Structure formats: structure tokens, C-alpha cells
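Dear colleague,

I am handing over the structure below for your reference. A description of its sheet and of the helices around the sheet follows.

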Amino acid sequence: MHNELNPPEIFDRRRRHALRARAAGRSGDDFLWHHIAQDMAERLSAVTRSFAHALIIGPIGQWQKEILPPNVPCTLSPLRDTGTGAGTAHDAPVALEEDRLPFTPGSFDLVISAGTLDSVNDLPGALIQIRRLLRPDGLFLGHMFGAGTLGTLKAILLEADADRVTPHIHPQIDLRSAADLIVRAGFTLPVADQDISAVRYGDWRSIVSDIRDAGLGNALAGPRNYLGKNIVARLDHAFASRADAQGKVTEGFAHIYLSGWAPSENQPRPAKRGSGQVSLADILSKDQAG
């Protein structure tokens, strides 16, 4: 039974792990992850302070060397948990979850989580946990796929489903909602922004292949419905009806980036309301007089 303390889980945690494991065994193009890693590296390069211990959550850890400055000690998650005891060959490895992080509060001064935050069951809770993991004045850099991602594929699937609509891709939040979450999580100096990657495709199968290469498939909880024997033909028709003169469609990936700092006494704060020493009205009146 679900209640306010134990809400229903939108995403199947095992499916999330299985999607990542499948992606690790594929040899496709990791252009989405490279895009995220390069952007994270650029954002981090603009920060002038040094870091003593970083935590990178999720598959983006494979690009650790591209993102972090040289010689920054780093912990990667998901780790491999052997369960009980010292671990044996029979212990099943378990990937850690963004909303179930086992680290001691204040363990890191930099936390990076990218590419998977949009499929976390308790995203507000995950952000709060991350903030607590940071030492005072520690930095969080995050990324998630936002609303508008895979809009073309969603429309094609919706048309092909006809009268039996089945969820194939989970909904994503928009930029404003993401910005609200980072503020609610208690970060200071919060920033949220977005960019769109547009990719041209000549076949819907290529879109699906790229999603699988990135480990970003359908992780929604619940049973999978039979799509019917004519689903491929319906998808081909739906794609062709949207193709341009070159036989291609444009697919989009909305990248939402988040950043924030753990509260610290040394951080700059906005001046208190009413503390100004000069009246704006006086300035304007002097300008007009001149």
C-alpha cells in the first residue's frame, strides 16, 4: 500500500539499471554523453576555486577525465555493492540510486549528476540528499533531459498506437519546474538554463538505436502492452508523413543544466530590502535636471 511517506514509484529501478547495462554492451555513438560531458567541463572551468573530493553520479562518470581538472580525487557512483559480508561470486552487484545515496553528509565539495535525473523517482529528495553531501560552499552541477526531448519520436509513437495509447517515453519537466526544484532543495546562488540539440534522422529506428546507446529507454514502472503485429508498418508510415524532401526528420534533445552551492557563511548575499543609502528617485530627478 502506498501513502504520503511511501508514494508510488513512477520508474522501475531494475529497468533503469538494465537499460544502463545494455548500453554499456553496445558500440554505438555516445554523442549525447559527449555533449553533456563537454558542457559540464566548460561550466566547471569557469569556477576559480579548487576541489578536494568530487562525487560523480551516473554513467557520466565514464567521462571523468574530460570533466574534472587534473588530480581531483573522485568517487564514482553507481558503485558496486556486494551486499553482505566481504562479497562472494554469488553476490549480485547493485547500482546505487540518486535518491538513495549512502554517503556521509559533508563528504564532498563537488557533486556532479548528469543524464539520469529526469528518471529519478524522488527527484526533490535526491537534490536534497546531494546538497547534504556537500561541505559548506560546495558546488553541485546537474543535468537532465527536459520537456521537448524526443518530441518527434513521441508524436510518431502516438500516431502508430492509434486507439490504444501506450506510454513509451516518460514525460520530462520543464526549465521553470527544474529551477524551482533546485531552489526548494536549499541550494544558494541557484542557476538553471537550457539548450537544445537538434539531430537529423532518416529512420525512426536510428532514433531508437541512439536512445538505447545512451541507456535512456523506457524505465516506467508497470506492464508492457502488446503493440500489435503491424506496429512497424505504422511507425514507418508515421515517420514518412513527417519526413522532408530529403527523407529526414529533426529530433530534439532538451538539455537542462542546474547548478547551486551548499550554504556557507562566507557566500555573498543580496542586500537586505530597504538598506540602500541612495534613493533611485533622487538619481532620476538629478538626471532630468541635467
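**The sheet and its helices**

Strand β8 (residues 249-261) is mostly covered, with 12 of its 13 residues buried (under 20% relative accessible area, where over 50% is exposed and in between is partly exposed, using a 1.4 Å probe and protein chains only). Helices and strands here are DSSP runs numbered from the N terminus, helices being H or I with at least four residues and strands E with at least two.

Please note that this is a predicted model, in which local features need pLDDT of at least 70 and side-chain atom pairs count only at pLDDT 80 or more, while totals for chains, interfaces and linings use all residues. Residues are numbered from 1 along each chain as its sequence is written, and side-chain values use heavy atoms, leaving out hydrogens and water.

Two strands pair with β8. Strand β7 (residues 188-201) runs antiparallel to β8 over 12 bridges, and Y201 stands opposite V249. Strand β6 (residues 134-145) is also antiparallel to β8, joined by seven bridges, and F140 has G260 as its bridge partner. Strands count as paired if DSSP finds at least two bridges between them.

Strand β6 in turn pairs with β5 (residues 108-113) in the parallel sense over five bridges; here S113 is matched with G142 of β6.

These strands belong to an open, mixed sheet of six, in the order β2-β1-β5-β6-β8-β7. Because β2 (74-77) and β7 stand at the edges with a single partner strand each, one side of each is left without a neighbour in the sheet. On average, neighbouring strands are turned by 15° against each other, direction ignored.

Helix α2 (residues 31-45) packs on the sheet, where it touches β5, β6, β7 and β8, and its direction makes about 30° with that of β8. Contact means heavy atoms within 4.5 Å. Angles run from 0 to 180 degrees between N-to-C directions, and axes are lines fitted to C-alpha atoms, for helices over the stretch in contact. Helix α6 (residues 175-184) lies across β6, β7 and β8, at about 150° to β7.

A further packing involves helices α5 (residues 151-161) and α8 (residues 231-242), whose axes are 9 Å apart at an angle of about 130°. The pair is therefore oblique, a term for angles that are not under 35 degrees (roughly parallel), over 145 (roughly antiparallel) or 65 to 115 (roughly perpendicular). Residues of α5 in this contact include I156 and L157, and those of α8 include L235 and F239.

Yours sincerely
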